[in-house]
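Take a look at the chain below and give it a slow turn before reading on. We'll walk through it one part at a time.

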Amino acid sequence: MIPLKPLGRYLRPGLLFALSVFLTGCNSAILNPKGQIGHDEKTLLITATVLMLLVVVPVIIMTLTFAWKYRATNTKARYEPKWSHSTAIEVVVWSIPCMIVLVLAVLTWRSSHALDPYRPLESDKKPVVIEAISLDWKWLFIYPEEKIATVNEITFPVDTPLNFKITSDSVMNAFFIPHLGSMIYSMTAMETKLHLIANETGEFPGMSSHYSGAGFSKMHFSAHSVTDAQYQQWLAKVRADTATLDKTAFNALVAEKNHDWHPVTYFGTAEAGLFDWVIAKHMGDNQHYGMKHDHNAMGHDGAAGESHAGHDMPAAAGPAPADVHADDTHAAHAAGADAEHAEYTADEHAAAGHTGHAGSGE
């Protein structure tokens, strides 16, 4: 058996070297926040981790201590083969974890409401509204109040709240600027919201943190936090571009399914209401990829001489009894047509494999 002290002397330099190597390039955006939301989330993460380590670390230490103390070669250890219960141990084992869980519960409850992505941030400055649309595989940003749009780049003034309105024209995705905190999903025919703020100037990488297809790895953008003067200069630069983002230009942008990173693109003019139009166009009634059943066309009119699902109805003639008989015949044919239509609809859905129930763009 190798003595522990010599073994520790051999392992200690290696462990210190490995730790220094890992920490040398450590520049995690989550642990190096540049906005208030990011700072609050970092504090919550560290606090929760420390509270949980209050249980984990003692358990690890006691496991190693007991294993060493009560090893087979230690003849001086207390040996009690009939021991079965200790009230003191039970109190410690249950009370400390329960207290930690209670503290974590209160902390999580309060922070969940305080850091709600939908909760507007309090500030003396007017927020900047940015409408973000995830495409295959790029991000389109519309500034509705400035009437401009960009692709794969946003710029905003420092210490100013950012009100993001987010949706998708394709599959579900996820909008995330790690330095500023809080990730939220973009979904077709739905609008999600996110409120962020940058406390420092700089360039922060943004990304899609949800796999969405072949070009997913290139679906990233740049977020620039600048001074108020620099922000106005950037707005003037974008407005100088002659390109216009309207429905035609949007459809052309959607059709370009880039697998490599899409270059930054400016639109000096953006059509009003385009964000709402993107949401609304996926919200049509009975969207089943063309499997749209017009029940009005299948209506059964009681007038004589009309056809019902291929059954020609002869014109009613003669006295009242004949009319009654014709009506009975018409009702029977109508019932048969309904049954045939129901059977056809069921067969159609079965043959389609319920494809129409998939999300738009999948």
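What follows is a tour of the helices, the sheets and the way they meet.

First, some ground rules: this is a predicted model, where local features need pLDDT of at least 70, side-chain atom pairs count only at pLDDT 80 or more, and totals for chains, interfaces and linings use all residues. Residues are numbered from 1 along each chain as its sequence is written, and side-chain values use heavy atoms, with hydrogens and water left out.

The chain holds seven helices and 15 strands; these are DSSP runs (H or I of at least four residues for helices, E of at least two for strands), numbered from the N terminus. Of its 362 residues, 31% are buried, meaning under 20% relative accessible area with a 1.4 Å probe, protein chains only.

Let's begin with a pair of helices. Helix H2 (residues 36-69) and helix H3 (residues 87-114) have axes that come within 10 Å and cross at roughly 170°. Axes here are lines fitted to C-alpha atoms, for helices over the stretch in contact, and angles run from 0 to 180 degrees between N-to-C directions. That crossing makes H2 roughly antiparallel to H3, a label for angles over 145 degrees. Where they touch (heavy atoms within 4.5 Å), H2 brings residues including Leu 44, Leu 51 and Val 55, while H3 offers Ile 100, Val 103 and Leu 107, among others. The residues of this contact split into eleven nonpolar, two polar and no charged; Ala, Val, Leu, Ile, Met, Phe, Trp, Tyr, Cys and Pro count as nonpolar, Asp, Glu, Lys and Arg as charged, and the others, Gly among them, as polar.

Now for the sheets. One is an open sheet of six strands, ordered S8-S5-S1-S2-S3-S12, with mixed pairing; two strands pair if DSSP finds at least two bridges between them. Its edges are strand S8 (192-196) and strand S12 (265-267), each pairing on one side only. On average, neighbouring strands of this sheet are turned by 20° against each other, direction ignored.

Start at the S8 edge. Strand S5 (residues 162-168) pairs with S8 in the antiparallel sense over five bridges. Asn 163 sits opposite His 195 in S8, and Phe 164 has Leu 194 as its bridge partner there. S8 is mostly covered, with four of its five residues buried.

Further along, S2 and S3 form a hairpin with four residues between them, and Lys 147 in the turn has a positive phi of about 60°. Four bridges join these two antiparallel strands. Ala 149 in S3 is the bridge partner of Ile 142, and Ala 149 also stands opposite Phe 267 in S12. How are the faces of S3 covered? Both are: Ile 148 and Thr 150 on one side, Ala 149 and Val 151 on the other, are all buried.

The other sheet is open too, with five strands in the order S4-S10-S9-S6-S7 and mixed pairing. Strand S4 (153-157) and strand S7 (184-186) are at the edges with a single partner strand each, so one side of each is left without a neighbour in the sheet. S4 runs parallel to strand S10 (residues 220-226), joined by five bridges, with Phe 156 facing its bridge partner Ser 225 in S10.

Finally, find helix H4 (residues 228-239). H4 lies across S1, S2, S3 and S12, at about 90° to S3. H4 also lies across S4 and S10, running at about 140° to S4.

Note on methods:
Angles under 35 degrees count as roughly parallel, over 145 as roughly antiparallel, 65 to 115 as roughly perpendicular and the rest as oblique. Buried means under 20% relative accessible area, exposed over 50%, partly exposed in between (1.4 Å probe, protein chains only).
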